[in-house]
Amino acid sequence: MEDERSFSDICGGRLALQRRYYSPSCREFCLSCPRLSLRSLTAVTCTVWLAAYGLFTLCENSMILSAAIFITLLGLLGYLHFVKIDQETLLIIDSLGIQMTSSYASGKESTTFIEMGKVKDIVINEAIYMQKVIYYLCILLKDPVEPHRISQVVPVFQSAKPRLDCLIEVYRSCQEILAHQKATSTSP
């Protein structure tokens, strides 16, 4: 079963949450951010090139124009490959673990997998960000030495920064799977 709902990020931007229910013990959440705006890309490029042309008219050195074009292209490629994330995915399987995938605008993907035996809980935490309180979903990992303690906090959906209403949707489904996993692991 699959459904899609629209939510907002902390700045008011549009996000799309796709929920896929494969079984009672396996769910996937896909949070899609808006694509790169051609208008903003054009504005930045024109600003850099106009500034370079202004310097060129003052200095009469063509290297300034060549450098501006080169820096703009390298900057754009670097931004698309290392910064701009189009989609973040959280796949949770109760008997196996949690997989988090970030898909960049260039097509590059970054995947992190956490074994279910290392997961203590999934919680919604709050933080102060740019003079306001925001909420974020995070995975609490067990300390290998003392299982009752937390060794690490792994934030989820770091790039999209969805609002609380979206996080509650994901949180409830994750808690259902964690409860199912605990029930099946403790039953004889």
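Arginine 19 is buried, with a relative accessible area of 10%, where buried means under 20% relative accessible area, exposed means over 50% and partly exposed lies in between, all with a 1.4 Å probe and protein chains only. Before I go on, please keep in mind that this is a predicted model, in which local features need pLDDT of at least 70 and side-chain atom pairs count only at pLDDT 80 or more, while totals for chains, interfaces and linings use all residues. Residues are numbered from 1 along each chain as its sequence is written, and side-chain values use heavy atoms, with hydrogens and water left out.

What does the side chain of arginine 19 meet in a salt bridge? The partner is aspartate 3, at 2.3 Å from N to O, and a salt bridge here is a side-chain nitrogen of Lys or Arg within 4 Å of a carboxyl oxygen of Asp or Glu. This pair links distant parts of the chain, since aspartate 3 sits in strand S1 and arginine 19 in strand S2, 16 residues apart; helices (H or I, at least four residues) and strands (E, at least two) are DSSP runs, numbered from the N terminus. Aspartate 3, at 26% relative accessibility, counts as partly exposed. Both residues also belong to a network of salt bridges that links Asp3, Arg5, Arg19 and Glu169.

Between the two strands there is also a salt bridge from glutamate 2 to arginine 20, at 3.4 Å from N to O, with glutamate 2 in strand S1 (residues 2-8), arginine 20 in strand S2, and their positions 18 residues apart. Elsewhere, aspartate 86 and lysine 84 meet through their side chains at 3.7 Å, N to O; aspartate 86 is buried at 8%, and lysine 84 is buried at 12%. By this rule the count comes to seven salt bridges.

Let me turn to the loops. Serine 25 is in the loop between strand S2 (14-23) and strand S3 (26-32), and is buried, with a relative accessible area of 19%. Leaving aside neighbours within four places in sequence, serine 25 is in contact (heavy atoms within 4.5 Å) with Ile92, Ile93, Asp94, Ile177 and His180.

Two further loop residues have a positive phi without being glycine: glutamine 131, near 65 degrees, and phenylalanine 157, at about 55 degrees. Is each of them buried or exposed? Glutamine 131, between strand S7 (119-129) and strand S8 (132-142), is exposed at 82%, whereas phenylalanine 157, between strand S9 (150-156) and helix H3 (164-186), is buried at 5%.
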